Amino acid sequence: MAQEVRGVIAPGKNEPVRIETILVPDPGPGEAVVKIQACGVCHTDLHYKQGGINDDFPFLLGHEAAGVVEAVGEGVSEVAPGDFVVLNWRAVCGQCRACLRGRPQYCFNTHNAKQKMTLKDGTELSPALGIGAFAEKTLVAAGQCTKVDPAVSPAVAGLLGCGVMAGIGAAINTGGVGRGDSVAVIGCGGVGDAAIAGSRLAGAARIIAVDVDDRKLEMARGMGATHTVNSRTTDPVEAIRELTGGFGADVVIEAVGRPETYEQAFYARDLAGTVVLVGVPTPDMKIELPLLDVFGRGGALKSSWYGDCLPSRDFPMLIDLHQQGRLDLGAFVTETIGLGDVEKAFERMHAGDVLRSVVVF
Ligand SMILES: NC(=O)c1ccc[n+]([C@@H]2O[C@H](COP(=O)([O-])OP(=O)(O)OC[C@H]3O[C@@H](n4cnc5c(N)ncnc54)[C@H](O)[C@@H]3O)[C@@H](O)[C@H]2O)c1
Ligand SMILES: [Zn+2]
Ligand SMILES: [Zn+2]
């Protein structure tokens with residue numbers, strides 16, 4: 001029988017979010033119900049609320065979560081009730097053209113729960129990124145549950161479910177940052193700072209953090225930035241070139257999702273360097289670049305979907321690095337909050353006060 005739980009929904013474009021009673025069906029074949037213990041507030045949740053992703057309101061927000069599997073449906077063997085899991089939005093299908101070519105990190109047909117969670121009046125909800133974890137319990141595809149060591153606190157582990165994985169993966173997987181590279185990261189929120197931490201892990205020699213907010217630059221230093229640039233007062237392209245012998249960085253990671261910062265990234269990289277777009281733009285945004293510069297500067301212009309991660313490979317590995325003291329995941333948690341504080345957390349995110357607010361249950 002469907003269970004009634006409390007969850008945070010975005011009812012319509014730019015309307016304040018609110019707590020509603022959500023009906024969570026029993027898990028069907030291939031599905032799992034997860035009791036959520038913690039869920040971080042990611043900028044993508046705010047994009048959903050603002051109508052920047054699509055118009056499938058009402059959304060059940062939250063997608064950066066950890067919890068315990070409560071029940072599984074028929075045919076589920078990869079997880080069992082009681083397992084501590086991080087939820088992922090890349091449950092690879094194994095059968096699409098990307099999977100068949102051995103590139104499951106691009107899977108074009110990732111699994112979500114087939115059944116819908118609803119409001120009490122039957123209105124179907126669209127769970128953010130197929131997860132919807134600002135809720136006491138949520139229904140997902142079993143493949144969206146990645147088992148990790150339960151010794152790590154849920155508030156910390158859950159961050160791997162989106163922003164931290166996206167940032168670390170943008171540097172290591174998509175950008176291919178390696179020993180001795182110079183890296184610049186534009187936008188130092190949770191995602192950008194994770195790209196900085198990932199670049200440090202990968203052995204980057206120089207890591208330049210760019211943001212418009214000095215508090216964010218201070219946090220970026222703590223994550224491993226060797227240099228910081230406030231682009232409100234300093235031209236970031238000039239500054240990055242100056243800090244890299246006049247040439248530009250080997251890899252520039254854009255973690256804002258705006259045309260002007262993309263253009264900065266494009267011109268702040270060295271010849272044959274790589275730009276990685278991990279920030280998510282909105283449908284109205286456009287970019288115009290001289291085609292000759294696209295050609296003449298060479299290299300690679302890449303986008304990073306979820307850090308090109310494979311949850312089953314990357315989540316446990318990053319938890320290991322965290323436990324060894326080589327990756328301080330706890331540093332991303334600025335504050336823990338209650339389910340009723342999500343709207344306020346969006347305001348704090350907008351004001352630049354936080355890296356991550358994490359709802360704990
Ligand atoms: N590609 C993916 O898979 C993926 C996954 C998660 C999040 N994202 C996206 O990554 C982006 C960042 O997410 P977040 O949670 O870190 O957001 P956030 O709001 O915490 O951080 C954004 C940062 O960018 C800075 N910023 C804003 N305008 C700037 C500018 N003009 N120049 C330099 N810095 C500027 C802000 O001060 C802030 O520090 C969002 O667009 C989000 O949707 C992408
Ligand atoms: Zn696939
Ligand atoms: Zn996210």
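The following is a friendly exchange about a predicted model of a protein chain with a ligand.

Student: Let's start with the overall layout. Into which domains is the protein chain divided?
Tutor: Keep in mind that this is a predicted model. One of the domains is built from two stretches of the chain, 3-161 and 328-360, and the other covers 168-304. The chain is thus divided into domain 1 (3-161 + 328-360) and domain 2 (168-304).

Student: How many residues of domain 1 are in contact with domain 2?
Tutor: The centres of the two domains, taken over C-alpha atoms, are 28 Å apart. On the domain 1 side, H1 gives the most, with three residues. That side divides into four nonpolar, five polar and one charged residue. Facing 11 residues of domain 2, the number from domain 1 is 10.

Student: Does a record say anything about this chain, and which feature does UniProt place at residues 12-359?
Tutor: Over that range the chain is 28% helix and 25% strand, and its end C-alpha atoms are 22 Å apart. The annotation comes from an unreviewed UniProt entry. The feature given there is "domain: Enoyl reductase (ER)".

Student: Now the ligand. Which residues come nearest to ligand 1?
Tutor: The shell draws at least three residues from each of domain 1 and domain 2. H1 (43-49), H4, H5 (190-202) and S12 (206-211) each supply at least two residues of it. Of the 33 residues around ligand 1, the nearest are His43, Ala166, Gly187, Gly189 and Gly257.

Student: How do the residues of that shell divide into nonpolar, polar and charged?
Tutor: Glycine counts among the polar residues here, and Gly187, Gly189 and Gly257 are among those that come nearest to the ligand. The division of the shell is 15 nonpolar, 14 polar and four charged.

Student: Which helix gives the largest share of the largest nonpolar core?
Tutor: The core has 116 residues, and those touching the most other members are Leu61, Val183, Ala184, Val185, Ala195 and Ile253. The largest share, seven residues, comes from helix H4 (residues 163-174). Both domain 1 and domain 2 contribute at least three residues to this core. The helix you asked for is H4.

Student: How many of the residues of H4 are buried?
Tutor: The buried residues of H4 include Gly163, Met165, Ala166, Asn173 and Thr174. After the helix comes Gly176, whose phi is positive, near 60°. H4 is mostly covered, and its buried count is 12 of 12.

Student: With which residues is Ala195 in contact, beyond its neighbours within four places in sequence?
Tutor: Ala195 is one of the core residues that touch the most other members. Its contacts beyond those neighbours are Gly167, Ile168, Ala170, Ala171, Val185, Ile253, Ala255 and Val278.

Student: Is Tyr306 buried or exposed?
Tutor: Tyr306 is found in the loop between S16 (300-303) and H10 (311-323). It touches Trp89, Arg90, Met165, Ala166 and Gly169, not counting residues up to four places away in sequence. A residue needs 20 or more other C-beta atoms within 10 Å to qualify as buried. Tyr306 has 24 such neighbours, so it counts as buried.

Student: And Ala80: why is Ala80 classed as partly exposed?
Tutor: Ala80 lies in the loop between S5 (64-72) and S6 (84-87). It touches Val69 and Val72, leaving out residues up to four places away in sequence. Its C-alpha atom is separated from that of Val69 by 6.6 Å. Ala80 is partly exposed because its count of other C-beta atoms within 10 Å is 14.

Notes. Residues numbered from 1 in each chain as written. Chains lettered and ligands numbered in written order. Predicted model: local features only at pLDDT ≥ 70, side-chain atom pairs only at ≥ 80, totals over all residues. Core = buried A, V, L, I, M, F, W, Y, C linked by C-beta atoms within 7 Å. Helix = DSSP H or I, 4+ residues; strand = E, 2+ residues; numbered from the N terminus. Domains from an automatic or database assignment. Contact = placed C-beta atoms within 7 Å. UniProt positions renumbered as here; feature names shortened; annotations may be inferred. Near = placed C-beta within 6 Å.
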